[in-house]
Amino acid sequence: MTLISNHMPTEELQRLDAAHHMHPFTAGAELNARGVRVITQAKGVTLTDSDGKEIFDAMAGLWCVNIGYGREELAQVAARQMNQLPYYNTFFQTTHVPVIALSKRLADLAPGDLNHVFYAGSGSEANDTNIRLVRHYWAAKGKPDKKVIISRRNAYHGSTLGGASLGGMQAMHAQGGLPIPDIAYIDQPNWYAEGGDSSPEDFGLERARQLEAKIAELGEDNVAAFIAEPVQGAGGVIIPPSTYWPELQRICDAHEILLIVDEVICGFGRTGNWFGSETYGIRPDIMTIAKGLSSGYQPIGGSLICDEVADVVNNAGDFNHGYTYSGHPVAAAVALENLRILDEENIVTNVRDVTGPYLAEKWAQLADHPLIGEAKIVGMMGSVAMTPDKSARAPFSSDPGVVGTICRENCFANGLIMRHVGDRMIISPPLIVTKSDIDTMMRLVVKSLDQTYASVKADGLLNAA
Ligand code: PXG
């Protein structure tokens with residue numbers, strides 16, 4: 001048997017990957033022809049590829065490596081837990097210490113009375129749980145017709161049948177017969193792209209009030225819940241106008257529906273508080289968590305559930321739902337250690353008080369760049385919208401994503417991972433970035449934008465649609 005290792009030539013690893021590995025959200029044949037990038041190790045904020053090239057990871061993996069790469073403590077906790085109890089389930093009237101400890105810690109950390117945790121292996125699974133949980137809750141209260149979950153266009157809630165149905169991504173709904181029944185959608189609060197001549201504040205109110213109109217249209221007796229991310233992440237880091245969340249909260253309070261806040265990206269310090277709900281003054285009944293819960297060191301997600309919902313569900317007989325890896329002991333132990341580090345090293349408060357404001361000041365200056373129509377940031381998640389015409393907030397005449405792809409390729413060539421969503425560029429670096437890391441990252445960002453502007457101009461792509 002051949003030993004496949006980091007020491008193999010890149011081409012050989014690429015060949016094997018192309019032969020046997022299918023990638024998420026990828027046109028396989030195209031990737032296989034071009035050759036995949038092989039990452040071999042990482043430390044702090046820096047990835048190393050199989051050619052020894054170092055790359056600044058301004059996406060924290062997939063928005064998840066909040067404490068940065070290479071924390072020995074997490075490896076040690078995982079090894080210790082694997083030796084002691086590598087697996088046992090939480091079905092059939094059993095539990096174990098790591099899951100007890102993590103649940104208690106999460107109940108203490110979470111705002112309000114979100115005192116109960118139902119575990120999953122990922123954010124998608126947790127949102128599938130949420131769909132079944134809220135419908136079961138209303139049925140247990142004698143209201144089985146309250147089934148519809150209202151979500152938003154361009155939201156992202158995962159890739160399982162339930163998660164992708166809750167999400168509002170057209171390209172995902174187009175494949176595999178989605179969405180599932182009883183999901184409804186309202187528009188997103190993307191003022192830059194959709195706000196026209198309204199002020200951001202008026203637009204925020206208008207978009208929030210679509211929820212009230214949708215509840216009226218469907219009939220309150222048919223609506224189970226509303227789900228939203230505090231800040232849309234995969235949709236392009238869409239930071240809502242200041243009026244948006246207070247109005248949504250007012251509407252949720254005025255109607256008999258549950259509020260599910262999807263904190264998979266915003267949770268665990270990303271917005272400068274432990275949860276995005278704190279940053280935006282939101283009072284969720286249920287919170288979806290994953291990613292930063294373990295800083296991505298182990299796959300784990302879950303639903304944080306308020307006292308009332310947990311009480312009704314706990315008293316309604318068996319909830320016929322669960323995963324083999326719900327509350328996995330190794331994942332739970334690693335998550336607990338990650339939360340200890342985030343807390344004891346003041347990583348979240350440092351984002352709020354020191355590095356977040358420092359980055360925000362530099363990020364705002366990007367709005368002066370000739371290619372940038374909007375630069376927005378909260379904590380450690382930011383975006384810029386590229387445009388051929390700043391004053392009109394105009395899109396490019398090329399297909400959405402053409403300029404974004406050019407910029408992303410420039411970033412890679414410069415040793416920076418910054419994502420594109422259409423023609424928006426987004427960052428979500430590890431929360432442990434120092435001021436000096438931020439300086440390095442911003443130099444690479446500006447260099448990549450300058451190169452993109454020059455080439456877009458030279459290639460005649462600087463035209464408004
Ligand atoms: N909710 C939100 C808000 C997310 O961002 C999920 C749920 C699903 O979590 P899992 O663990 O099942 O992936 C996510 C995941 C991207 C990208 O390209 C974003 C996510 C996942 C993969 C890619 O921005 N977010």
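## Two open sheets and a ligand between domains

Six bridges join β4 to strand β10 (residues 301-306), and the two strands run antiparallel. Within this pair, Y119 stands opposite G302 in β10. The model is a predicted one.

β4 and β10 belong to an open sheet of seven strands. Read across, the order is β4-β10-β9-β8-β7-β5-β6. The pairing in this sheet is mixed. Which strands stand at the edges? They are β4 (114-120) and β6 (183-186). Each has a single partner strand, so one side of each is left without a neighbour in the sheet. Neighbouring strands here are turned by 25° against each other on average, with direction ignored. In a regular strand, side chains alternate between the two faces of the sheet.

Just before the edge strand β6 there is a loop to look at. P179 lies in the loop between α8 (170-173) and β6. The peptide bond from L178 to P179 is cis, and its omega is near -5°.

A second open sheet has four strands. Their order is β11-β12-β15-β14, and the pairing is antiparallel. β11 (372-378) and β14 (419-421) stand at the edges. Each of these has a single partner strand, so one side of each lacks a neighbour in the sheet. On average, neighbouring strands of this sheet are turned by 20° against each other, direction ignored. β14 pairs with strand β15 (residues 424-427) in the antiparallel sense over three bridges. Here the bridge partner of V421 is R424, in β15.

Now turn to the strands β1, β2 and β3. Strand β1 (residues 39-43) pairs with strand β2 (residues 46-49). Strand β2 also pairs with strand β3 (residues 54-57). The table sets out these pairs beside the two already described.

| Strand pair | Sense | Bridges | One bridge pair |
|---|---|---|---|
| β1 and β2 | antiparallel | four | Q41 and T48 |
| β2 and β3 | antiparallel | three | T46 and F56 |
| β4 and β10 | antiparallel | six | Y119 and G302 |
| β14 and β15 | antiparallel | three | V421 and R424 |

Two hairpins come from these strands. The hairpin of β1 and β2 has two residues between the strands. In it, G44 takes a positive phi near 65°. β2 and β3 form a hairpin with four residues between them. In that turn, G52 has a positive phi of about 85°. Which residue has a positive phi although it is not a glycine? That is F92, with a phi of about 45°. F92 lies in the loop between α4 (72-84) and α5 (97-109).

Next comes the ligand. How many residues surround the ligand? There are 16, and the closest are W63, G123, S124, D262 and R419. By class, the shell around the ligand has six nonpolar, six polar and four charged residues.

Some polar side-chain atoms come within short distances of ligand atoms. For W63, a polar side-chain atom lies 2.9 Å from an oxygen atom of the ligand. For D262, the distance is 2.7 Å, from a polar side-chain atom to a nitrogen atom of the ligand. K291 also places a polar side-chain atom 3.1 Å from a nitrogen atom of the ligand. Taken alone, the ligand exposes 540 Å², and the protein buries 83% of that.

Which elements give two or more residues to the shell around the ligand? They are α3 (60-63) and α6 (123-140). The largest share of the shell, three residues, comes from α6.

Why does the ligand lie between two domains? Domain 1 (44-67 + 346-458) and domain 2 (73-344) both give residues to the shell around the ligand, so the ligand lies between them.

Technical notes. Residues are numbered from 1 along each chain as its sequence is written. This is a predicted model: local features need pLDDT of at least 70, side-chain atom pairs count only at pLDDT 80 or more; totals for chains, interfaces and linings use all residues. Side-chain values use heavy atoms; hydrogens and water are left out. A residue is near a molecule or strand if one of its heavy atoms lies within 4 Å of it. A polar contact is a pair of N or O atoms within 3.5 Å; within protein, one must be able to donate a hydrogen and the other to accept it, and residues adjacent in sequence count only if both atoms are side-chain atoms. Accessible areas come from the Shrake-Rupley method with a 1.4 Å probe; for residues, only the protein chains shown count as cover. Ala, Val, Leu, Ile, Met, Phe, Trp, Tyr, Cys and Pro count as nonpolar, Asp, Glu, Lys and Arg as charged, and the others, Gly among them, as polar. Domain bounds come from an automatic or database domain assignment. Two strands pair if DSSP finds at least two bridges between them. Axes are lines fitted to C-alpha atoms, for helices over the stretch in contact, and angles run from 0 to 180 degrees between N-to-C directions.
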